[in-house]
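Got your viewer open? Let's take a walk through this model, one selection at a time. Keep your mouse ready to rotate and zoom.

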Amino acid sequence: MKKVEAIIKPFKLDDVREALSEIGINGMTVIEVKGFGRQKGHTELYRGAEYMVDFLPKVLVELVVEDSLVDRCIEIIIETARTGKIGDGKIFVSDIQRVIRIRTGEEDEQAI
């Protein structure tokens with residue numbers, strides 16, 4: 001099993017969720033986050049004064065998927081979250097040792 005973490009632009013969340021559900025990935029955790037990468041934020045105008053916004057709003061999507069679905073999951077996230085502009089985000093993949101469903105005690109693939 002793998003944990004796939006994708007940091008994407010907030011307005012792309014619904015598209016990503018719908019595309020992932022089409023291949024049977026229904027469970028995910030979504031966290032509103034702020035951050036920056038190469039784009040280093042941007043300037044905005046407020047009441048005539050310009051100020052720097054260092055941290056941009058993003059969404060962190062966390063999924064735990066079976067090994068057989070990882071590559072397809074990544075492809076779908078890239079296809080649906082990509083705008084072609086700076087700040088599209090990143091995907092991180094890591095190993096998961098064990099998953100336990102609290103309600104039933106099911107483990108690993110049965111608990112996803």
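Start by selecting Lys 9, which is buried, with a relative accessible area of 14%. Here, buried means under 20% relative accessible area, exposed means over 50%, and partly exposed is in between (1.4 Å probe, protein chains only). You'll find Lys 9 in the loop between strand 1 and helix 1. Show what surrounds Lys 9: leaving aside its neighbours within four places in sequence, it is in contact with Lys 58, Thr 83, Lys 85, Ile 86, Gly 87 and Asp 88. Contact means heavy atoms within 4.5 Å.

A quick word on what you're looking at. This is a predicted model, where local features need pLDDT of at least 70 and side-chain atom pairs count only at pLDDT 80 or more, while totals for chains, interfaces and linings use all residues. Residues are numbered from 1 along each chain as its sequence is written, and side-chain values use heavy atoms, with hydrogens and water left out.

**Zoom out to the whole chain**

Switch to a cartoon view. The protein chain has two helices and six strands, and along the sequence they follow the pattern β-α-β-β-β-β-α-β. Helices (H or I, at least four residues) and strands (E, at least two) are DSSP runs, numbered from the N terminus. Of the 112 residues in the protein chain, 29% are buried. Of the contacts with a separation of 6 or more, 69% are between residues 24 or more positions apart.

**Select the sheet**

Now pick out strands 2, 5, 1 and 6. They form an open sheet of four strands in the order 2-5-1-6, with antiparallel pairing. Strand 2 (29-35) and strand 6 stand at the edges with a single partner strand each, so one side of each has no neighbour in the sheet. From one strand to the next, the twist averages 20°. Two strands pair if DSSP finds at least two bridges between them.

Which strand pairs with strand 1 over seven bridges? That's strand 5, in the antiparallel sense. To see one of these places, select Lys 3, whose bridge partner in strand 5 is Val 64. Strand 5 also pairs with strand 2, again antiparallel and over seven bridges; try Gly 35, whose bridge partner in strand 5 is Leu 56. Then move to strand 1 and strand 6, which run antiparallel and are joined by six bridges. There, Lys 2 stands opposite Asp 95 in strand 6.

**Stay on strand 5**

Colour strand 5 by accessibility: eight of its 10 residues are buried, leaving the strand mostly covered. Click on Glu 62, which lies in strand 5. Is Glu 62 buried or exposed? At 18% relative accessibility, Glu 62 counts as buried. Not counting residues up to four places away in sequence, Glu 62 touches Lys 3, Val 4, Glu 5, Met 28, Thr 29 and Ile 31.

From Glu 62, draw a distance line to Ile 91: their C-alpha atoms are separated by 9.8 Å, with these positions 29 residues apart along the chain. Ile 91 lies in strand 6 and is partly exposed, with a relative accessible area of 28%. Among the residues that Ile 91 touches are Val 4, Ile 74 and Ile 77.

**Next, the helices**

Select helix 1. It packs on the sheet, touching strand 1, strand 2 and strand 5. Helix 2 lies across strand 1, strand 5 and strand 6, running at about 5° to strand 1. (Axes are lines fitted to C-alpha atoms, for helices over the stretch in contact, and angles run from 0 to 180 degrees between N-to-C directions.)

Turn on the side chains of helix 2. The buried ones belong to Val 70, Cys 73, Ile 74, Ile 76, Ile 77, Thr 80 and Ala 81. They cover an arc of only 160° around the axis, which puts them on the same side of helix 2; that arc is taken from the directions from the helix axis to the C-beta atoms. Spin to the other side of helix 2 and you'll meet Asp 71 and Glu 79, which are exposed.

**Last stop**

Finish at Asp 108, in the segment after strand 6. Asp 108 has a positive phi of about 55°, although it is not a glycine. At 25% relative accessibility, Asp 108 counts as partly exposed.
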